[in-house]
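Trainee: Could you walk me through this chain? I want short answers.

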Amino acid sequence: MNAVLYPICAAIALAALLFKLRVLRTDRSTPQLAIVAMFAALFLTYLVSSPPVWVATSKAVGIVDFSGLFTQSCVIALTACQQILLQHLAHEPEVAWRKLRPRLTALAVVLIAMIVLFTAASSEHEDPNDFAVNKARFTPAYLMIYLIAFAANQIDLSIMCWRHSKVAPSPWLRRGLLFNAVTLPFSLIYAGCRMADVVAGQYGTSGAAWEPVAEFAVAASAVCRTIGWTLPDWGATLSAAWQQVVERRAYRELEPLHQAVTAEAAVHPMPQGIKTGIGARLYRRLMDIRDAQWALRQWMEPQVTTEAERRCDAVGLTGTDRAAAIEAAQLKFAIHRKRQGVEPSGRVATPLAACPEELAAELDFQRKLARAFGSSPIVQAVLDDCTNTTAPYDSKKPTL
């Protein structure tokens, strides 16, 4: 499995590394340097873990299983980079380095112990597929030191990501930190499998049965953390793309309502030849609908509002849904009366039942208005009742 998973992880890490390297041209702060070093270590980890590269690297150095020590040392290094990154995101440099000293010192001690234990042991053959299994059986102290350090730091990093996400200055940084925090189970599954290897080795067997689980878990952890650490950079692009989707959908939803009301109430057309994005066209459509409502006010009648309110109360419709149904009923009635050439017997003070203060709230309300105008049974029932009971206006009838 690692012949497929690890090259994929190496490619993803390389893409993240190249993506972040461009930032160093304008920002060489400690957090940026730490994240670049982290992706470089991650790339080397999975590049050398790929079976062909593993064998070639150990052969080039002349030490059997050197690639195993190298890749696990890279994991310790990238863990240190993550610690540096998170501490500098949360604290001023002086405070960050003070908090980092015990953590980095502990990682350095772990790395030295790993090198000493690896050097003291000897391997007879090179096999990238059973390095951890063999170490668990013949050099358990080496693997346990690595695993304890790995698991403890992954827990520590996840806790810090969770805490810092609550005070992150931007939405996508918050999401990236949360994403990193929730990937902890993958790391713990990997560590658990490797510790089970040690136990199995002491009983004269091996953990070959769950080796695919360990490989998948560590690969999933690497990919998820890569996504989490790069999410603040490309998340804004994702938001912009999603906003385009939302605006286009809203633009289409408002089209039937817009056509119906502007066909009866003239609005100023958008100047020809001016190229505008979907956001500007959507905003103009919102304004057109509101302008048309005010233009059709002279055909609206208080009785329609009263009947719409009664029917909304009967079915328990409240809030903006209620207001949208009332406005839609008045629009339907006004369009019907205008087409008949019959003016209502009374006038309304305003055609609006809701006045959202923010653009997002206005868009949400007009989408509800468009749905109510097009398919609400309440609106149709109000129209039927009011057009059947409202007496036609006679322009020849004398007034007092």
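A few questions and answers follow.

Mentor: This is a predicted model, with pLDDT of at least 70 needed for local features and 80 or more for side-chain atom pairs, while totals for chains, interfaces and linings use all residues. Residues are numbered from 1 along each chain as its sequence is written, and side-chain values use heavy atoms, without hydrogens or water.

Trainee: Which helix gives the most to the nonpolar patch?

Mentor: The patch covers about 520 Å² and includes Trp162, Phe179 and Leu238. Patch residues have over 30% relative accessible area and no salt bridge (Lys or Arg side-chain nitrogen within 4 Å of an Asp or Glu carboxyl oxygen); nonpolar side chains (Val, Leu, Ile, Met, Phe, Trp, Tyr) are joined within 5 Å. Helices here are DSSP runs (H or I, at least four residues), numbered from the N terminus. With 3 residues, the top contributor is H10.

Trainee: Is Leu238 buried, partly exposed or exposed?

Mentor: Leu238 sits in helix H10. Buried means under 20% relative accessible area and exposed over 50%, with partly exposed in between (1.4 Å probe, protein chains only). At 43%, Leu238 is therefore partly exposed.

Trainee: Which residue forms an aromatic cluster with Tyr146 and Phe150?

Mentor: Tyr146 and Phe150 are both buried and lie 4 residues apart in helix H7. Their rings are 6.1 Å centre to centre, with 25° between the planes, a stacked pair. Rings of Phe, Tyr and Trp (its six-membered ring) pair with centres within 6.5 Å; under 30 degrees is stacked, over 60 edge-to-face, the rest tilted. The cluster's other member is Tyr190.

Key
Patch = residues over 30% accessible without salt bridge, like charges linked within 9 Å, V, L, I, M, F, W, Y side chains within 5 Å. Areas by Shrake-Rupley, 256 points an atom, 1.4 Å probe, with all protein chains shown as cover. Helix = DSSP H or I, 4+ residues; strand = E, 2+ residues; numbered from the N terminus.
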